[in-house]
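I opened this model to look up a few sites and any enclosed space. The notes follow in the order I made them.

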Amino acid sequence: MSTQKEKVLLAYSGGLDTSIIIPWLKENYGYEVIAMAGDVGQGEELEPLHEKAIKTGASKLYIENLQEEFITDFIYPTLKANAVYEGKYLLGTSFARPIIAKRMVEIALKEGCTAICHGATGKGNDQVRFELTVKALAPHLKIIAPWRIWDIKSREDAIDYAEARNIPIPVTKKDNYSMDRNLWHLSHEGSDLEDPWNEPQYDKLLKLMVSPEKAPDAPTYVEIYFEQGIPKKVNGVEYSPIELMDVLNKLAGANGVGIIDMVENRLVGMKSRGVYETPGGTVLYAAHRELELLCLDRDTLHYKDIVAQRFAELVYFGQWYTPLRESLSAFVDKTQETVTGTVRMKLYKGNCMPAGAKSEYSLYSEAIATFSKDEVYNQKDAEGFINLFGLPLKVRAQMLQNLQNKEQK
């Protein structure tokens, strides 16, 4: 009497790692492999993956369109928080993993799977992001991470494994950058980028944009309208979230805006070097910040900056489905109630510069800030304010002077 095979759900991209994991799971575990590709805007035809997944041994493949949910439920909350990891990284891969893992859990439960498998390496952050989401949403599911247990030790080994089984793969040993693409960004790691002294070969790397040197000699102006911190219009035209990202990616990309080259601290303790293309996202972050400078009071703005750093760490560390992240998002949403208005940005050869902002919630008062004569601000008031504000300094200085006088006697 035959027993039914256990099922495993594999996060499938059709790339090198997940292409070889399907036969590896069947050879080593005897699982029935169900594959799932989460469409978060990879910019490539996902339909051919059906044939590829089945040919390499999967029983079926789900292709899930997650694009709009990705923007509204993950990108926008992070944008509203102004969360930037280590001052540079706009978290493109980081917040794409929880939404994919969430859908994986939903399909795994539907299909009666006992395990979930991913192709993240044991050196990276993605393993944490996938697995923390699974633990938060379906803690009973077993997790299989081949890179932590198989005999394959490098991308070159993985290529050999694929070639031995006639599995088509999208890389070669000469061109084996590790790339991750979605609606927000495209990341590049590995190969010559592993030496931080090497300048990136941008003409070879860039796919969403041109290098600043190849950008037009004339600037491009773009106006973005936000409503409670969420971008709604570009140049006066209202777009859906997906359309808006596409428009901004093209405008910024054409002007060489959005290249990030950084050495970052991974959660597992090592430093890694990556090049990120984030054209539209770079403009949105810059524009959103300008609007907040106009519309938020000083205390809220400064405290929100503290929250932004912690929020970025939570996203980077894969802690999306945690009470702290949800609580910080609630705080951020409250701060965004008056972040409505239009910001004009000037894009020129890799630079993204503010060129004007306006809002009915603006806290900027020309009558108070003017250098011309005014009847609103009494400059004599500043004297008493400075006396009180500087009182601790004065008291301390007097104490030190008294001590010095005693020593001299």
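Entry 1, serine 359. I placed serine 359 in the loop between β14 (351-358) and α12 (366-369). The model is predicted, and I read it as such. I then asked whether serine 359 is buried or exposed. Its relative accessibility is 16%, so serine 359 counts as buried, the cut-off for buried being under 20%. I looked for what its side chain reaches, and found the backbone nitrogen of tyrosine 361 at 2.9 Å. Leaving out residues up to four places away in sequence, I listed what serine 359 touches: Leu291, Leu294, Cys295, Thr338, Thr340 and Gly341.

Entry 2, cavities. Rolling a probe the size of a water molecule over the atoms shows where empty space is left. I searched the whole structure and got 1 cavity of 30 Å³ or more. The space in the largest cavity is about 30 Å³. I wrote down its lining residues as Ala101, Met104, Ile116, His118, Phe130, Glu131, Val134 and Ile143. Which elements give two or more residues to this lining? They are α4 (96-111) and α5 (126-137). Helix α5 supplies the largest share, with 3 residues. Sorted by class, I have 6 nonpolar residues, 1 polar and 1 charged in the lining of the largest cavity.

Entry 3, the annotated site. I checked the UniProt record, an unreviewed entry, which puts the feature "binding site" at Thr121, Asn125 and Asp126. I followed up two of these positions, asparagine 125 and aspartate 126.

Entry 4, asparagine 125. I found asparagine 125 in the loop between β4 (115-117) and α5. Asparagine 125 counts as buried because its relative accessibility is 6%. Not counting residues up to four places away in sequence, asparagine 125 touches Glu264, Arg266, Leu267, Val268 and Tyr316.

Entry 5, aspartate 126. I located aspartate 126 in helix α5, the helix that also gives 3 residues to the lining of the largest cavity. Why does aspartate 126 count as buried? I get 17% relative accessibility for aspartate 126, and buried means under 20%, so the residue falls in that class. With neighbours within four places in sequence set aside, aspartate 126 is in contact with Thr93, Arg97 and Ala120. I looked more closely at arginine 97: its side chain makes a polar contact with the side chain of aspartate 126, at 3.0 Å.

Terms used:
Residues numbered from 1 in each chain as written. Predicted model: local features only at pLDDT ≥ 70, side-chain atom pairs only at ≥ 80, totals over all residues. Heavy atoms only, no water. Buried < 20%, exposed > 50% of the residue type's maximum accessible area, 1.4 Å probe, protein only. Polar contact = N/O pair within 3.5 Å; in protein donor to acceptor, adjacent residues only side chain to side chain. Contact = heavy atoms within 4.5 Å. 1 Å grid on protein atoms, 1.4 Å probe; cavity = no way out; pocket = protein on both sides within 12 Å on 5 of 7 lines; lining within 4 Å. Points joined across faces, edges and corners; volume = space filled by probe spheres on them. Nonpolar A, V, L, I, M, F, W, Y, C, P; charged D, E, K, R; others polar. UniProt positions renumbered as here; feature names shortened; annotations may be inferred.
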